[in-house]
Amino acid sequence: PVIYGFTDHEGGFEVPVKWNKANNAFTGNDGVRNLEMKTTGEKLELYFPQSKKTETYRKIRTDIATALREAVITGTYHTSDNHTIQLSANGTVRGFEDYAYYELIFDFTEGIYYDAVVFFKNPKGGNWSESELYQYRINENNLLLTPVITDWDNLEHQVGDEVILLVKTAD
């Protein structure tokens with residue numbers, strides 16, 4: 001078996017693993033790093049003896065996009081003029097412009113090196129070049145959205161000046 005740490009284009013690694021009876025755990029060595037793996041319930045821990053660091057991962061019961069939306073920005077928000085906007089874990093958008101679907105960007109290889117969300121008019125999403133891109137920032141119960149001027153052909157993007165303030169309400 002092999003454990004993959006992210007993907008190659010994200011600078012990840014792949015390490016062959018085997019069962020180590022002495023440690024009663026899976027261990028791995030790719031010639032550069034050693035690791036030991038331990039599972040506890042829903043968690044996987046990767047321990048790197050050289051650096052004495054542990055990385056902890058948890059099992060999710062859904063796809064990564066839904067899990068990220070749920071953990072990061074799912075909720076009901078209000079604008080300064082008390083307009084209600086709802087962002088659901090399944091990607092559904094209600095009350096924000098004429099958008100129907102959204103995705104959080106978690107692949108930072110497309111020239112987007114900040115937290116960003118794409119909004120689609122199509123309820124099934126689509127290609128990012130057919131969406132509207134916003135930088136997002138979270139400050140306590142506030143979601144700050146800033147439109148991004150996009151040039152998908154050259155993968156060049158410029159964060160705008162306007163900031164849309166959304167205040168999260170208790171769900």
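Which residue lies over the face of Tyr 102? Arg 69 does, at 5.7 Å from the ring centre. Keep in mind that this is a predicted model. Let me work outward from that ring.

Tyr 102 sits in strand E10. Its relative accessibility is 0%, so Tyr 102 counts as buried. Its ring pairs with the ring of Phe 119. The centres are 6.1 Å apart, with 35 degrees between the planes, and that makes a tilted pair. Phe 119 belongs to strand E11. The two partners are 17 residues apart, and the pair links distant parts of the chain. Phe 119 is buried as well, because its relative accessibility is 1%.

Now the wider ring network. Tyr 102 and Phe 119 are part of a cluster linked by ring pairs. Phe 96, Tyr 99 and Tyr 134 are in that cluster too. Across the model, the count comes to nine aromatic pairs.

Next, what does Phe 119 contact, leaving aside its neighbours within four places in sequence? There are several aromatic partners: Phe 96, Tyr 99, Tyr 101, Tyr 102 and Tyr 134. Then come Leu 87, Val 93 and Leu 145. Ser 131 and Glu 132 complete the list.

That brings us to the core. The largest nonpolar core has 17 residues. Which of them touch the most other members? Leu 87, Phe 96, Phe 119 and Leu 145. Several strands feed this core with at least two residues each. They are E8 (84-87), E10 (101-104), E11 (116-120), E12 (132-139), E13 (142-151) and E15 (164-168).

There is a second core, separate from that one. It holds eleven residues, including Ile 105, Val 118, Trp 128 and Trp 152.

Look at the two tryptophans. Trp 128 has 19% relative accessibility, and the cut-off for buried is under 20%, so Trp 128 counts as buried. Trp 152 comes in at 17%, so that residue is also buried. Their ring centres are 6.1 Å apart. Their planes meet at 50 degrees, so this pair is tilted. Where do they lie? Trp 128 is in the loop between E11 and E12. Trp 152 is in the loop between E13 and strand E14 (156-159). The pair therefore ties together parts 24 residues apart in sequence.

On to charges. Side chains of opposite charge can pair when their charged atoms come close. How many salt bridges does the count come to? Two.

Take Arg 61 and Glu 42. Their side chains meet at 2.7 Å, N to O. Arg 61 is in the loop between strand E6 (53-58) and helix H1 (64-72). Glu 42 is in the loop between strand E4 (34-40) and strand E5 (43-48). That is a link between distant parts of the chain, 19 residues apart. Arg 61 is exposed, at 65% relative accessible area. Glu 42 is partly exposed, at 38%.

The other bridge joins Asp 98 and Lys 121, at 3.7 Å, N to O. Asp 98 is in the loop between strand E9 (93-94) and E10. Lys 121 is in the loop between E11 and E12. These two are 23 residues apart. Exposed or partly exposed? Asp 98, at 49% relative accessibility, counts as partly exposed. Lys 121, at 52%, counts as exposed, because the cut-off is over 50%.

Conventions
Residues are numbered from 1 along each chain as its sequence is written. This is a predicted model: local features need pLDDT of at least 70, side-chain atom pairs count only at pLDDT 80 or more; totals for chains, interfaces and linings use all residues. Side-chain values use heavy atoms; hydrogens and water are left out. A nonpolar core is a set of buried Ala, Val, Leu, Ile, Met, Phe, Trp, Tyr and Cys residues joined through side-chain atoms within 4.5 Å. Buried means under 20% relative accessible area, exposed over 50%, partly exposed in between (1.4 Å probe, protein chains only). Helices (H or I, at least four residues) and strands (E, at least two) are DSSP runs, numbered from the N terminus. Contact means heavy atoms within 4.5 Å. A salt bridge is a side-chain nitrogen of Lys or Arg within 4 Å of a carboxyl oxygen of Asp or Glu. Rings of Phe, Tyr and Trp (its six-membered ring) pair if their centres lie within 6.5 Å; planes under 30 degrees apart count as stacked, over 60 as edge-to-face and the rest as tilted. A charge sits over a ring if NZ of Lys or CZ of Arg is within 6 Å of the ring centre and within 35 degrees of the ring normal.
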